[in-house]
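Here is a friendly walk through one protein structure, written to be read with the model open beside you. We start with confidence, then turn to the fold, the charged pairs and the packing inside.

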Amino acid sequence: MFAESSPPLSWDREHAYTRDAIELYYEAGSGSPLSKTEYLRHLLEGTAGALAESIIEEEKDASVSITDSASAGKVSVRWVKVNEKKTLHDVLRQPNFVIPGIPVVYVVSKSSSFYEKFKDGKWVPPP
């Protein structure tokens with residue numbers, strides 16, 4: 001989609017989203033990671049193992065401490081520029097990249113009027 005040889009995007013009338021003009025970002029610190037129990041429940045969904053009521057009991061204490069630190073204002077949300085030389089696997093495994101169900105990467109054009117607003121922290125994604 002953004003290869004050097006790709007034709008202009010049909011919806012990009014201003015040609016702001018060219019390969020040399022885009023930057024990729026993810027939002028760090030915007031949520032809490034899943035507990036091991038929640039993670040296992042998602043992995044086992046639709047299998048016989050999904051019926052297990054209590055997989056890992058000690059996770060209750062861990063999830064409380066994560067929630068408490070987030071509500072105490074210790075977690076700060078910030079945009080992290082993606083190193084495009086890294087693999088998607090390397091990016092997704094960053095400890096501050098909390099995946100809210102699906103990985104979310106923002107493609108921002110340095111040539112757009114939106115770019116300065118985004119970089120100055122004057123934009124937040126919709127809830």
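This is a predicted model, and its pLDDT averages 73 over the protein, with 69% of the residues scoring at least 70. The stretch to treat with care is residues 55-75, where the pLDDT is below 50. Beyond near neighbours in sequence, that stretch has 15 contacts in the model. Where pLDDT is low, the predicted coordinates should not be read in detail.

**Overall layout**

The protein has four helices and three strands. Reading from the N terminus, the elements follow the order β-α-α-β-α-β-α. Of the contacts with a separation of 6 or more, 66% are between residues 24 or more positions apart. Of the 127 residues, 23% count as buried. The accessible surface comes to about 9500 Å², and carbon and sulfur atoms account for 56% of that surface.

**Charged pairs**

Side chains of opposite charge can pair when their charged atoms come close. How many salt bridges does the count come to? The count is two, and they are set out here.

| Salt bridge | N to O distance | Separation in sequence |
|---|---|---|
| Arg19 and Glu84 | 2.1 Å | 65 residues |
| Glu23 and Lys81 | 3.3 Å | 58 residues |

Let us take the Arg19 and Glu84 salt bridge to begin with. This pair links distant parts of the chain: Arg19 sits in the segment before β1 (22-28), while Glu84 belongs to the loop between β2 (78-81) and α3 (88-92). Arg19 has a relative accessibility of 28%, so it counts as partly exposed. Glu84 is partly exposed too, with a relative accessible area of 37%.

The Glu23 and Lys81 salt bridge also links distant parts of the chain, with Glu23 in strand β1 and Lys81 in strand β2. Is Glu23 buried or exposed? Glu23 counts as buried because its relative accessibility is 7%, under the 20% cut-off. Its partner Lys81, at 48%, counts as partly exposed.

**Inside the fold**

Which residues make up the largest nonpolar core? There are seven: Leu24, Tyr26, Ala28, Val80, Val82, Val91 and Phe97. Strand β1 gives the most to this core, with three residues. If you would like one residue to click on, try Val91: leaving aside neighbours within four places in sequence, Val91 is in contact with Tyr26, Val82, Lys86 and Phe97. A second, separate core has five residues, among them Tyr25, Tyr106, Tyr115 and Phe118.

**A serine in a loop**

Ser112 is found in the loop between β3 (106-109) and α4 (114-119). At a relative accessibility of 16%, Ser112 falls under the 20% cut-off and therefore counts as buried. A polar atom of the Ser112 side chain lies 3.3 Å from the backbone nitrogen of Tyr115, and Tyr115 is one of the residues of the second core. Not counting residues up to four places away in sequence, Ser112 touches Ala16 and Tyr17.

Terms used. Residues numbered from 1 in each chain as written. Predicted model: local features only at pLDDT ≥ 70, side-chain atom pairs only at ≥ 80, totals over all residues. Heavy atoms only, no water. pLDDT = per-residue confidence, 0-100. Contact = heavy atoms within 4.5 Å. Salt bridge = Lys/Arg side-chain N within 4 Å of Asp/Glu carboxyl O. Helix = DSSP H or I, 4+ residues; strand = E, 2+ residues; numbered from the N terminus. Buried < 20%, exposed > 50% of the residue type's maximum accessible area, 1.4 Å probe, protein only. Polar contact = N/O pair within 3.5 Å; in protein donor to acceptor, adjacent residues only side chain to side chain. Core = buried A, V, L, I, M, F, W, Y, C linked by side-chain atoms within 4.5 Å. Areas by Shrake-Rupley, 256 points an atom, 1.4 Å probe, with all protein chains shown as cover.
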